[in-house]
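User: Walk me through the salt bridges in this one, please, and take your time over the one part where they share partners. Once that's clear, put it in the context of the rest of the chain.

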Amino acid sequence: MSKKIEISNDTKIVRHKPLARVSHWFLVIAFFMTMFTGVAFFFPDFAWLHEILGTPQLARAIHPITGIVMFIAFIIMAFIYWHHNIPEKNDIKWAMNVTEVLKGNEHAVAYNGKYNFGQKMLFWTLILAMFTLLITGIIMWRKYFSDNFSITTLRIAILLHSASAFALFTGILVHMYMAFWVKGSIRGMVEGWVTVRWAKKHHPKWYNEEVKPELEKELAKQAEQNK
């Protein structure tokens, strides 16, 4: 009879691989540069933000470039994580008990996979916002594309671009708040690892079905080698 393998709660497990982490931080940098210049264009009271990049002309030239970098970085992450963000039956319980989640009792009311229902909804919202920003941004891009479209099309593009930018900004703010609120999340994206204890509490389905079997195989292999 094989001996049961004990896994310490302090064992480190991979949460985010290097490509995902690099893409994430490129996305962060590009997001803030795009946001600052975009806000300065939209609200005259924030025109002083142009000075971060030197001049309004330079900011206008950089805004679409950083926007494209942001889109590419996000799409890389989307390809990595899309299959973890498909809604499941388990997510209904999370949605119905969202007040308990906000109280910090998520582990008691939901059996989350790698991402909970809130994270999944944010993921698909950002997908929609990113594609809308890209398409409308290209339509609005003066010197290169805007002359090919009618005034009506440009006005609709500006409206959709602004609404999508607001949705993106709001979603990112929620994401940042949750990252600080759930202790250990930021370390997972900076260093790439979380503890078994963290995984059991916040994402038990992911731990039990994906992480634990691999850990047991690895520890069993190490035990065999040490005999």
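Analyst: Let's pin down the term before using it: a salt bridge here is a side-chain nitrogen of Lys or Arg within 4 Å of a carboxyl oxygen of Asp or Glu. Keep in mind that you're looking at a predicted model.

With that cut-off, Glu209 and Lys205 qualify, since their side chains meet with N and O 3.3 Å apart. Both residues sit in helix H10, four places from each other, so about one helical turn separates them. How covered are the two partners? Glu209 has a relative accessible area of 48%, which makes it partly exposed. Lys205 comes out at 14%, and because the cut-off for buried is under 20%, it counts as buried.

Lys205 has another partner, too. It forms a salt bridge with Glu88, where the closest N and O atoms are 3.5 Å apart. This one reaches along the chain: Lys205 belongs to helix H10 (residues 204–225), while Glu88 is in the loop between H2 and H3, so the pair ties together parts that lie 117 residues apart in sequence. Glu88 itself is partly exposed, at 36% relative accessibility.

Now zoom out a bit. Which residues end up in one network when salt bridges share partners? They are Glu88, Asp91, Lys120, Lys205 and Glu209. Lys120 is worth a second look, as it's among the buried residues of H6.

That makes H6 a natural next stop. Helix H6 covers residues 117–140, and at 1.5 Å a residue its 24 residues should span 34 Å; the end C-alpha atoms are 34 Å apart, so expected and modelled spans agree. Besides Lys120, the buried residues of H6 include Leu122, Phe123, Leu126, Ile127, Met130, Leu133 and Ile139, along with Thr132 and Thr136. What do they pack against? Their partners are helix H1 (18–42), helix H2 (56–81), helix H3 (90–96) and H7.

Back to the salt bridges: there are six in the structure. Another of them pairs Arg197 with Asp10, at 2.7 Å from N to O. Arg197 lies in helix H9 (residues 196–202) and Asp10 in the segment before strand E1 (12–14), so this bridge ties together parts 187 residues apart in sequence. At 44% relative accessible area, Arg197 is partly exposed. Asp10 counts as exposed because its 51% is over the 50% cut-off.

What about the stretch just after E1? His16 is in the loop between E1 and H1, and it's buried, with a relative accessible area of 8%. Setting aside neighbours within four places in sequence, His16 is in contact with Arg21, Tyr81, Tyr115, Gly188, Met189 and Gly192.

In H1 you'll find Gly38, a partly exposed residue at 21% relative accessible area. The C-alpha atoms of Gly38 and His63 are separated by 7.0 Å, although the two residues are 25 apart along the chain.

For a nonpolar contrast to all those charges, look at the surface patch of about 630 Å² made by Trp25, Phe169, Leu173, Met176, Phe180, Ile186 and Val190. Two elements give two or more residues to that patch: helix H7 (151–181) and helix H8 (185–190). H7 provides the largest share, four residues. Phe180 is found in H7, and with 63% relative accessibility it counts as exposed.

Finally, the record. An unreviewed UniProt entry places "domain: Cytochrome b561 bacterial/Ni-hydrogenase" at residues 15–192. In the model, residues 15–192 are 72% helix and 0% strand, with the end C-alpha atoms 6 Å apart. UniProt's "transmembrane region" annotation, also from an unreviewed entry, covers residues 25–49, 61–82, 121–141 and 153–180. Residues 25–49 are 72% helix and 0% strand, and their end C-alpha atoms are 22 Å apart. For residues 61–82 the model gives 95% helix and 0% strand, with 32 Å between the end C-alpha atoms.

If you want one spot to centre your viewer on, go for Lys205: it's buried, it bridges to Glu209 within H10, and it bridges to Glu88 in the loop between H2 and H3.

Key: Residues are numbered from 1 along each chain as its sequence is written. This is a predicted model: local features need pLDDT of at least 70, side-chain atom pairs count only at pLDDT 80 or more; totals for chains, interfaces and linings use all residues. Side-chain values use heavy atoms; hydrogens and water are left out. Patches are made of residues with over 30% relative accessible area and no salt bridge: like charges are joined within 9 Å, nonpolar side chains (Val, Leu, Ile, Met, Phe, Trp, Tyr) within 5 Å. Accessible areas come from the Shrake-Rupley method with a 1.4 Å probe; for residues, only the protein chains shown count as cover. Buried means under 20% relative accessible area, exposed over 50%, partly exposed in between (1.4 Å probe, protein chains only). UniProt positions are given in the numbering used here, feature names are shortened, and annotations may be inferred rather than shown by experiment. The expected span of a helix is 1.5 Å times one less than its number of residues. Contact means heavy atoms within 4.5 Å.
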